[in-house]
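User: Please examine the model shown below and answer some questions on its nonpolar core and on selected residues.

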Amino acid sequence: MAVGGIPLPGPRAYPLVGNVLQFDSSSTLTSIENFIDQYGEAFRLILPWGVTAVISSAALVHELSDETRFKKPIIADLEQIRNGVPAGMFTARTEEPIWGIAHRVLTPAFGPVPIQAMFPEMHELAAQLAMKWARHGPQQSIAVSEDFTRLALDTIALCSMDFRFNSYYHDELHPFITAMSNFLIESGNRAIKGNFLSNLLFWSSNRYFADIKTLRTTAQAILDARRANPNGRQDLLSAMLDGVDRKTGEKLDDGAIIDNLITFLIAGHETTSGMLSFAFVMLLKNPETLRKAQQEVDQVIGRGPITVEHMKKLPYVTAVLRETLRLCPTIPSLGVQALEDTVIGGKWAVSKGTVMLLFLARSHRDKAVYGETADDFIPERMLDENFERLSKEHPGFWKPFGNGQRGCIGRAFAWQEAMIIMAMLLQNFDFEMTDPSYKLKIKETLTTKPDGFEMKAKLRHGLTPTELERQLNGGLLEKSAHSKRVNANAGEGGTQLKPLHIYYGSNTGTCEALAQRLAMDAPSHGYTATIIDALDAAANKLPRDDTTPVTFITASYEGEPPDNATEFVAWIKALSDTSAFKGTPYAVFGCGHHDWANTFHRVPRLIHDTLEQKGATPLCDLGLTDVAQGEMFADFEQWEDDVFWPAVQAKYGSVASEDRPQTLEVQLSTPRASTLRQDVKEALVLEEKTLTRDDGVLKKHLEVQLPDGMTYRAGDYLAVLPVNPKESVDRVMRKFGLAWDSHVTVAGGVESKKIALPTGVPVPVHEVLGSYVELLQPVTKRGIQTLSNFTSSTADRETLLALSTNAELYSSTIIASRLSLIDMLDQYPSISLPFGTFLSLLPPMRVRQYSISSSPLESPFKATLTYTLLSGQSWANPANLFAGVATSFLSALKQRDRLLVSVRQSHSSFHLPPDPATPMIMVAAGAGIAPFRGFIQERATLLSQGATLGKALLFFGCRHPEWDDLYREELDKWEKDGVVEVVRAYSRYKDNRKYVGVSISRHTDEVKRFWEKGARIYVCGSRSMADGAKAAVGRAVIGDEAIDEEIAKWFEGVRNVRYAVDVFD
């Protein structure tokens, strides 16, 4: 016994049975409460596992939570639970290696980011419960604990294991739940009776081990299902299967996985369901608190959809749950064990190995902490400010989730789940007790719940169940794929369609969108696109069939083919057989930018000419567009209508009618439905912040967690599939008089995989308009011609026809003002356009790509973007605001939002030199710093790893040091560390205004020294900035007197070798 201590008081113990017979068999908790009333805050009991001290004051609970003096023992109920779950997180002993491995492997799965990612699935299951209560009606008495048990079990199973118990779709509880309840009750009984006596009771013992078998069989089935059908989810089960302990290098074996599946299914639903049940008991027994909680939900969320952001904006609901767990902790006690002989409370001696029960059911009501109202339900004392004060003044005052390293790993999971269901139920229901005289009675197993508590739920706001379902669905649209049509070659009315092959070369998505447009138009001409693929897919296997037209749509990037066309171009150039493609009918349409005069349309011309030289037969003249003019969709449609399809018809004939269909057949409806997604993967927003201030030009930073398996190099692009601005979508829906919950079903005899819209299934109209089509692109000539058919005004018809046929008028009116289809409908109110026709005239949504502003060496699973928000007055109507589609989409994203992305490689020359000792010069203005932040970040990492770095010089153009000196702190640190030297040019600062080109000219000698030492030069920014940089660098290298022609000749000799440019406008 510890020196100086006195023995703990306690009731008299009897031989063999100790104090067991002094317990009320109907309530262990009541028995301990009675002992506390008699013996005080600390006393001892003799129980089957030995001497046990019971502690019931907050001060002593805090003292005994010191993990340097006490540890968690696996005794009593937990010792018995080891019969079925020997190696679970809550049953394995701390000193057992498997506990440490599991703890280190599984803890990240319950971090803030994964928990927030579970919000949609938690919301889905909460909605199932809400709909059950709504459909049962206000007179149905609800078995509260049972329903919350179903909810919590379904939630932990779906969110952490992707397994659906579907508890609400069965009258009987899943056998797992029944077996688990029996298992926990019997484990508690065996803890009191001891193994010997328990095993003598054959019937209960046999059922006990049969229940264990049910638990393990269910868990094995979950494990087997995941192994048989891997789905790429990053959840708790995937962590168990794939996680490697960073300390030992070991993984969890199947036995440990089974044990922890059962552990989380038990712990993950028992405590949460109890907390929710107790919360409604407390609220209904204290109606004013119910009113306050409901009022807060109404003010914060209103009647709209509940989002993850709301969870942190409900302090009173949070306080309700805290106060509920104070008065009714679902784990009413914690066990600790003395590591050495010690004295507790300054007077009681405790021997090494003594087990002590921290009785939270009483310490949470300590009057030394809460005063005379300790037994009252007062959520206000648990509001954040008071909660923090109590934490400082009485550190052991609130421990419902355990203590220290053995505390509840799933606390954040349970809390978010509880907050969602509380918010949803308070938002949509009023409640009353079935029995107003109900007095709280506790059902005791390993955890506690209210026994016999029932209530009734009545929908608020005059809602019907159908309206509630629509409301709950409004905020969470599920992902889905296209529906697929059975007959891929059948047109409308069963007409047999002829095959057409389409190949595209595209880095930015424009040519891919044109290919989709051609495929969409093909059925109206009697054809179906049997192939739509990248040009490289045709390398070494281009179809050679003289009955099937082959169309190539490709861009040219500084004279080089797109990344997905390089193999094809190299292949056709290398072929020496001049009859290699004999008889193959083909057509080529090309995109280019006139600023690259020497290589304008080089790749499409090369493909067109090379195919003809190698025996292929051109169907028609080469089609070309200059993307700098912004008319690529109009030019493409004109080439389609006037050149390509007439040539195809002349050679092969057409089975289609002469009249192009003016509309898609549509049906509007309002059921829940699946939605279409493009071929990109889902990334998670980790951080977003604004980088600028006060100058009106907003520049932002976005950090995302990349999808599994997606990798990049510093300098690469992140392609983003955006969503149209809500204002644009709302504008269209108002124009067509569509309700917010309208759905559209697109039909029309066009194969679903050939059209850029989801077909055959109802889809929310706002989803189609937001995600699938370009609303703000200038209307094409074909679109204007179609509009002329739907106007009731002769004068408007004449104007529209003139716009569609006069190229100069079209360019000066439509392109110059960027008039979109919806702009035209606003300007010409005489047009009455069917919604299906409107959809058919819109080009498909395309990706936009941005330079990645980070290095994978910093974090291979994260990437950052740096971008300028494009906004201002609309050219079409100055009274309206214009917002760039992609940048407004990115700017609206918040932490935990998701977006669809893919990595696109930049030009091979726009990466860091293979040798980090190579000197380099970087030139950027504004958001053009993006790739160079990635470069410099990578150099800093390499330096920290011991690499030798060549000198690096960054010329960076900003407006003002206090407005947009992007990443100043980072760059200052890197400059101090010797990673880079930064020269800034401020264009709006006092009288010392200058641009990047001027800065380069003022450092001519330094630039020349870098160049002579083999430096690589990189430029990123606008076209005008890049031209200014080229002139300044050229004169620094060649000489001050160099003329433009000399600089151009020098530049062509070093371009993409030592001088790489990435420009955007």
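Analyst: A nonpolar core is a set of buried Ala, Val, Leu, Ile, Met, Phe, Trp, Tyr and Cys residues joined through side-chain atoms within 4.5 Å; buried means under 20% relative accessible area, exposed over 50%, partly exposed in between (1.4 Å probe, protein chains only). The model is predicted: local features need pLDDT of at least 70, side-chain atom pairs count only at pLDDT 80 or more, and totals for chains, interfaces and linings use all residues. Residues are numbered from 1 along each chain as its sequence is written, and side-chain values use heavy atoms, with hydrogens and water left out.

User: Which helix gives the largest share of the largest nonpolar core?

Analyst: This core has 120 residues, and Leu-106, Trp-133, Phe-148, Met-422 and Phe-429 touch the most other members. Helices are DSSP runs (H or I, at least four residues), as are strands (E, at least two), numbered from the N terminus. The largest share, 17 residues, comes from helix H12 (residues 254-285).

User: Is Ser-56 buried or exposed?

Analyst: Ser-56 sits in the loop between strand S2 (50-55) and helix H2 (58-64). Beyond its neighbours within four places in sequence, its contacts (heavy atoms within 4.5 Å) include Ile-36, Phe-359 and Arg-362. Because its relative accessibility is 7%, Ser-56 counts as buried.

User: How many disulfides are there?

Analyst: A disulfide is a pair of cysteine sulfur atoms within 2.5 Å. By this rule the count is zero.
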